[in-house]
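Subject: Structure for your review

Dear colleague,

Please find below the structure that I promised to hand over. I would be grateful if you could keep it open while reading the notes that come after it.

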Amino acid sequence: MRGEEPSPWQRTGLWAGMAMEALGEAGLHFDELNKLRVLDPEVAQNTTELKEECKDFVEKIGQFQKIVGGLIEIVDQLAKEAENEKMKVPDRV
């Protein structure tokens, strides 16, 4: 069917495709809710995932700091006890 005019639906689809392409080139995108966004949906998803990973990392660092803090307290206490024991031993010269 050569030479046949595209239907209005086909023309609308063509225009919509061209509009989406032009918006994409301008750095504008539509999300899954058809809201206009500045970030590419894939970049937005990666950003959200990175944010969650960072949150997990910060929580793990906090746990690590608590563990290390407890270890330092134990080592300090052992050092004080060792010093006290040294003081009890008479000098042998």
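The notes below describe the overall fold, then the salt bridges, and then the surface patches.

Please bear in mind throughout that this is a predicted model.

Overall fold

The chain contains 2 helices and 2 strands. Following the sequence from its start, you will meet them in the order α-β-β-α. The chain has 93 residues, and 2% of them count as buried. Its accessible surface is about 9,000 Å², and carbon and sulfur atoms account for 61% of that area.

Salt bridges

As general background, side chains of opposite charge can pair when their charged atoms come close. In this model the count is 2 salt bridges.

One of them joins Glu-83 to Lys-86, with 3.1 Å between the closest N and O atoms. This distance satisfies the rule because a salt bridge requires a side-chain nitrogen of Lys or Arg within 4 Å of a carboxyl oxygen of Asp or Glu. Both Glu-83 and Lys-86 belong to helix H2, which covers residues 41–88. They are 3 residues apart, about one turn of the helix. Glu-83 is partly exposed, at a relative accessible area of 41%, whereas Lys-86 is exposed, at 55%.

The other salt bridge is between the side chains of Glu-85 and Lys-88, at 3.4 Å from N to O. Glu-85 and Lys-88 are also both in helix H2, 3 residues apart, or about one turn of the helix. Glu-85 has a relative accessibility of 46% and counts as partly exposed, while Lys-88 is exposed, with a relative accessible area of 62%.

Surface patches

Which residues make the nonpolar surface patch? They are Met-20, Phe-30 and Leu-36, and the patch has an area of about 280 Å². Met-20 is found in helix H1, which runs over residues 8–25. With a relative accessible area of 45%, Met-20 is partly exposed. Met-20 can therefore be part of a patch, since patch residues need over 30% relative accessible area.

There is also a negative surface patch, formed by Glu-49, Glu-52, Glu-53, Asp-56 and Glu-59. Among these residues, Asp-56 is located in helix H2. Asp-56 counts as partly exposed, at 40% relative accessibility.

I suggest that you look up each of these residues in the structure as you read.

Yours sincerely,

A colleague

Key:
Residues are numbered from 1 along each chain as its sequence is written. This is a predicted model: local features need pLDDT of at least 70, side-chain atom pairs count only at pLDDT 80 or more; totals for chains, interfaces and linings use all residues. Side-chain values use heavy atoms; hydrogens and water are left out. Patches are made of residues with over 30% relative accessible area and no salt bridge: like charges are joined within 9 Å, nonpolar side chains (Val, Leu, Ile, Met, Phe, Trp, Tyr) within 5 Å. Accessible areas come from the Shrake-Rupley method with a 1.4 Å probe; for residues, only the protein chains shown count as cover. Helices (H or I, at least four residues) and strands (E, at least two) are DSSP runs, numbered from the N terminus. Buried means under 20% relative accessible area, exposed over 50%, partly exposed in between (1.4 Å probe, protein chains only). Lys and Arg count as positive and Asp and Glu as negative; His and the chain ends are not counted. The place of a charge is taken as NZ of Lys, CZ of Arg, CG of Asp or CD of Glu.
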